[in-house]
Amino acid sequence: MTRKARIVRKTTETDIALEIDLDQSAGSRIDTTIPFLNHMLDLFVRHGQFKLVVKSTGDTEIDDHHLVEDLGICLGRAVGEALGKKTGINRYGSTSVPMDESLCRVDIDVSGRPYLIYNVRYERRKIGGFDPSLVKEFFKAFTDHSGVTLHVNLAYGGNNHHIIEAVFKAFARALRQAVTVNPDISGVLSTKGTL
């Protein structure tokens, strides 16, 4: 069973080609044109053990918002498509990740029902040129287009970079748990018989 997908999204604001392989970790190449987001997606593939290839451009001369949100859309669609009927997956994933003074917990249900709880606060100060408020927009777009229920809860933290790094690492590890095929599960893990 091949669990990979390729998504292309071209609008008047962004141009994105994104590929994910849920079962391979080698060969990732990430070029979003937003250095901080490149760094976070690199953490995502390393800690989730996914292969991700991204090439994107957007109207970042105006703002990073359109590109960040559209990348969340594309990643969500790709994960949803790669999972197919979700046969045999664990479905749930939970993990806490510390990053120096920051601690974040992420809980995931690959339920087919998109929902985001995002309890993360940070200073409004930018990281380089990156606006931290866009991280929530990224995950909202991801959940809406993947059909995943995602709870992101920051226990505490002080440094914006460390907080967001803990968020992405915890997201990656929880998603890895959730999408892993479990040989003890036949069909889908739902009393409804479908996810």
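**Exercise 1.** In this predicted model, decide whether Arg113 is buried, partly exposed or exposed, and work out which residues its salt bridges join into one network.

*Solution.* Begin with the accessibility of Arg113, whose relative accessible area is 44%. Since partly exposed covers the range between the 20% limit for buried and the 50% limit for exposed, Arg113 counts as partly exposed. Next, look for its partner: the side chain of Arg113 meets that of Asp109 in a salt bridge, with 3.9 Å from N to O. Asp109, in turn, has a relative accessibility of 10% and therefore counts as buried. Finally, follow the shared partners, and Arg91, Asp109 and Arg113 turn out to be joined into one network of salt bridges.

**Exercise 2.** Find how many residues apart Asp42 and Arg46 are in helix α1, and state what this means in helical turns.

*Solution.* First confirm the contact, a salt bridge between the side chains of Asp42 and Arg46 at 3.1 Å from N to O. Both residues lie in helix α1 (residues 35–48), where they are 4 residues apart, so that about one helical turn separates them. As for their surroundings, Asp42 is partly exposed at 28% relative accessibility, whereas Arg46, with a relative accessible area of 60%, is exposed.

**Exercise 3.** Determine which strands hold Asp31 and Lys55, and how many residues apart the two are.

*Solution.* The side chains of Asp31 and Lys55 form a salt bridge of 2.7 Å, taken from N to O. Asp31 belongs to strand β3 (residues 29–31) and Lys55 to strand β4 (residues 51–58), so the pair, 24 residues apart, links distant parts of the chain. Asp31 is partly exposed, its relative accessible area being 28%, while Lys55 is exposed at 52%. This bridge is one of the 12 that a search of the whole structure finds.

**Exercise 4.** Establish the order of the strands in the open sheet of 4 strands, name its edge strands, and say which helices pack on it.

*Solution.* Read across the open sheet, the order is β5-β6-β8-β7, with mixed pairing. The edges are β5 (92–99) and β7 (115–119), each of which pairs on one side only, and the twist averages 10° from one strand to the next. Taking one pair in detail, β5 and β6 (residues 102–109) run antiparallel over 8 bridges, and Gly93 has Ile108 in β6 as its bridge partner. Now add the helices: α3 (residues 134–146) packs on the sheet and touches β7 and β8 (149–156), its direction making about 160° with that of β7. Helix α4 (residues 160–179) also packs on the sheet, touching β5, β6 and β8, and its direction makes about 155° with that of β5.

Note on methods: Residues numbered from 1 in each chain as written. Predicted model: local features only at pLDDT ≥ 70, side-chain atom pairs only at ≥ 80, totals over all residues. Heavy atoms only, no water. Salt bridge = Lys/Arg side-chain N within 4 Å of Asp/Glu carboxyl O. Buried < 20%, exposed > 50% of the residue type's maximum accessible area, 1.4 Å probe, protein only. Pairing = 2+ DSSP bridges. Axes fitted to C-alpha atoms, helices over the stretch in contact; angles between N-to-C directions. Contact = heavy atoms within 4.5 Å.
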